[in-house]
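I opened this notebook to record what I looked up in the structure shown below. The entries follow the order in which I consulted it.

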Amino acid sequence: MATAIAIASGKGGTGKTTIAANLAIALAKFGKKVAVLDADIAMANLELIMGLEGKPVTLNDVLAGRASVREAIYKGPEGVLVIPAGISLEKFRRANPEKLEEVLKEINDLVDILIIDCPAGIGKETLIALSASDAVILVVNPEISSISDALKVIAIAKRLGTQILGAIVNRVSNDSTELSVKAIETILEVPVLGVVPEDPHVRKAAAFGTPLVIMYPDSPAAQAIMEIAAKLVGVKYEPKYKKKEKENFITRLIKGLFGGRK
Ligand SMILES: Nc1ncnc2c1ncn2[C@@H]1O[C@H](COP(=O)(O)OP(=O)(O)O)[C@@H](O)[C@H]1O
Ligand SMILES: [Mg+2]
């Protein structure tokens, strides 16, 4: 039986698909058998990031009862199994999200970890994905609208009995308007599993249809995702980029008082 982990956010565009795809590959790099499923059946874009677009049979066919789950599973980078949602609107119209739970159970038997890329918001697919998952990871941006939407997902996950592993703070550029990790942990009352910086390599990799951790493994965002994956599987990983300590007022004050003295 796999551990099913839903990647959810509340707010759209926080980086769920980017994190889901790259975390899946990162976990595979650490020796896990991993599958990643696109539960965003309306806005499917996992397949674009994974370089697997245009596959003939997709999750929408399975949800429409026209194909078996196994027919919709494709091998992606690092042997990660990918279940794309399919970008055909016509197929989406016929899909029945209620069947998602059955599908998730079937994939569970094939891998160690199943990553589920959820749609934004708390619609039917998110609810089904959350209730069928063992755990959820929230992908948030360091701004208040993202955090308040994540709170709704946390409330629902709690009600459904889904374990909340924590939050990943994505697109951090350390400018003064951003919420700090400490503030985010205080508001959400869940641990922050990792911080992924704003990184132009993310967009470049997406444009090439090659996952970031494959195309730019040394980039700051890829390194951050590898570090999170290592934490999840309990192995030690030394990122190539040392995080810059943010020089806040206290740090500057201490430096001013004691700097120079040896
Ligand atoms: N760390 C990052 N640095 C720069 N761009 C990012 C980062 N994470 C995500 N993006 C960009 O943000 C947009 C939304 O990301 P996506 O993963 O599709 O979000 P979601 O699945 O939550 O809607 C994409 O254009 C993606 O390339
Ligand atoms: Mg998405």
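Entry 1, a core residue. I began with A24 and set aside its neighbours within four places in sequence; the residues then in contact with A24 are V34, V36, V80 and I115. I note here that the model is a predicted one.

Entry 2, the core itself. I next looked up the largest nonpolar core, which holds 79 residues. A24 is among the members that touch the most others, together with I7, V36, L114, I115, I116 and I225. Two of the contacts I had listed for A24, V36 and I115, thus appear in this group as well. I then asked which element gives the largest share of this core. It is α1, with nine residues.

Entry 3, the ligand. Helix α1, residues 16-29, turned up again when I examined the shell around ligand 1. This shell counts 18 residues, and G15, K16, T17, T18 and V202 come nearest to the ligand. The elements that each give two or more residues to the shell are α1, β7 (163-172) and α9 (200-208). By class, I recorded nine polar, five charged and four nonpolar residues in the shell.

Entry 4, a helix pair. I turned to α7 (residues 144-160) and α8 (residues 181-188), whose axes lie 10 Å apart and which pack at an angle of about 40°. The crossing of α7 past α8 is right-handed. On the α7 side I found I147, A150, L151 and I154, which meet I184, I187 and L188 of α8. I classed the residues of this contact as seven nonpolar, with no polar and no charged ones.

Technical notes. Residues numbered from 1 in each chain as written. Chains lettered and ligands numbered in written order. Predicted model: local features only at pLDDT ≥ 70, side-chain atom pairs only at ≥ 80, totals over all residues. Near = placed C-beta within 6 Å. Nonpolar A, V, L, I, M, F, W, Y, C, P; charged D, E, K, R; others polar. Axes fitted to C-alpha atoms, helices over the stretch in contact; angles between N-to-C directions. Left-handed = near helix turned anticlockwise from the far one by under 90°. Contact = placed C-beta atoms within 7 Å. Core = buried A, V, L, I, M, F, W, Y, C linked by C-beta atoms within 7 Å. Buried ≥ 20, exposed ≤ 12 C-beta atoms within 10 Å, placed from the backbone.
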